[in-house]
Amino acid sequence: MAMVHRRDVIAGLLAATMLPRSALAAARMSIVATTGMIADAARVVGGDLADVRALMGPGVDPHAYRQTRSDIVAMTRADLILYHGLHLEAQMTDILADIGRRRTVTAVADLPAEDLLADQDYDGRFDPHVWMVPELWVQVVDRIVTAMAQVQPDHAAAFEANRDAYDQELRDLGDYARSVLTTVPEESRILITAHDAFSYFGAAYGFDVEGIQGISTESEAGLNRIAELVDLLVSRKVGAVFVESSVSDRSIRALIEGAAAQGHEVRVGGELFSDAMGQDGTYEGTYLGMIDHNVTTIAGALGGTVPSGGRLGKLVQGA
């Protein structure tokens, strides 16, 4: 029996589901987004004019995500596919390229190089985690609007009006972040997490950021790296480290145990949303809530002054 290759399976699915656009037309624009953050922005911008599906839900790691059969079907039937880019969806490169020959597929985070940070693990690549800073996410939202307007130009004015209102929310969130994070004592502004997803955060708000793993969760956390960070925790008297909703906490627990062995107590300051938002239907399951949660959790755990319930009083305490 001849061997069936994965690429042949994908090609077969594409051929079987690639119907003429007229046969798939609907009242609302059909959008498939890879990450929850992109999907949330598309829903806000599209309003009642868009039907948006996110491929990656809460707790899903986009660095390692591989598309399912239903994902392929959804993308081949969509009017527009929005993906992050900057090698975030590294396992989906081939399928996005294949579908891009027949459907509109847009990378929304390919920002100007001067706004991006280099990927320390790979020459010539950039850190993809731009959503950690609302002012950078404004640029991504602009690209989402442009892509949507190109597919449905008759609704461009509505998309832009929704974008303008959302931009103000994002800028208000950015102001809140700067306000509460400046209350953290300077000597305590060190953020240690499972993987290096917070470099843009650190650059924007003046925090030293250390991840056990690299920018991609596919990189390995070696014993030497654990030892280095344990020494850092002890020497700088760091009192809190953070786990992530989409990454195993095993390495963070190893740090805490290593510091304890040297007589220094470290606690988990909270769970942060790094590569995925919170549960669907919750405030933390929106981009605004995700960043509000992260900022409020980090500032509070590291000695800053934060309002109960975050920026708008919507955060679930202890979430």
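1. Let me start with what surrounds helix H3 in this predicted model. The buried residues of H3 pack against three strands, E1, E2 and E3, and also against three helices: H6 (134-151), H7 (156-181) and H11 (287-301). Nine of the 11 residues of H3 are buried, so the rest of the structure largely encloses this helix.

2. If you would like to pick those residues out in your viewer, the buried set in H3 begins with Gly36, Met37, Ile38, Ala39, Asp40, Ala41 and Ala42, and Val45 and Gly46 complete it. Asp40 is worth a click while you are there, as it is among the buried residues of H3. Just after the helix, Gly47 takes a positive phi of about 55°.

3. Now for how H3 is placed on the sheet. Helix H3 spans residues 36-46 and lies across E1, E2 and E3. Relative to E2, H3 runs at about 170°.

4. The sheet itself is open and has four strands, in the order E2-E1-E3-E4, with parallel pairing. Strands E2 (50-54) and E4 (104-107) stand at the edges; each has a single partner strand, so one side of each lacks a neighbour in the sheet. From one strand to the next, the twist averages 20°.

5. Inside that sheet, strand E1 (residues 29-33) pairs with strand E3 (residues 80-83) in the parallel sense, over three bridges. For a handy landmark, look at Ile31, which stands opposite Leu80 in E3.

6. On to the aromatic side chains: the structure holds four aromatic pairs. One of them joins Phe198 and Phe201 in an edge-to-face arrangement, with 6.1 Å centre to centre and 85° between the planes. Another ring partner of Phe201 is Phe207: their centres are 5.5 Å apart and their planes stand at 65°, so this pair is edge-to-face too.

7. Which residues make up the aromatic cluster? Phe198, Phe201, Tyr205 and Phe207 form it together. How buried are the phenylalanines? Phe198 has 0% relative accessibility and counts as buried. Phe201, at 2%, is also buried, and Phe207 counts as buried at 5%. With a cut-off of under 20% for buried, these values leave little doubt about the label.

8. One last contact to look at involves a charge and a ring. The charged end of Arg125 sits over the ring of Tyr122, 4.7 Å from its centre.

Definitions and conventions:
Residues numbered from 1 in each chain as written. Predicted model: local features only at pLDDT ≥ 70, side-chain atom pairs only at ≥ 80, totals over all residues. Heavy atoms only, no water. Pairing = 2+ DSSP bridges. Helix = DSSP H or I, 4+ residues; strand = E, 2+ residues; numbered from the N terminus. Axes fitted to C-alpha atoms, helices over the stretch in contact; angles between N-to-C directions. Contact = heavy atoms within 4.5 Å. Phe/Tyr/Trp six-rings, centres within 6.5 Å; stacked < 30°, edge-to-face > 60°. Buried < 20%, exposed > 50% of the residue type's maximum accessible area, 1.4 Å probe, protein only. Lys NZ or Arg CZ within 6 Å of the ring centre and 35° of its normal.
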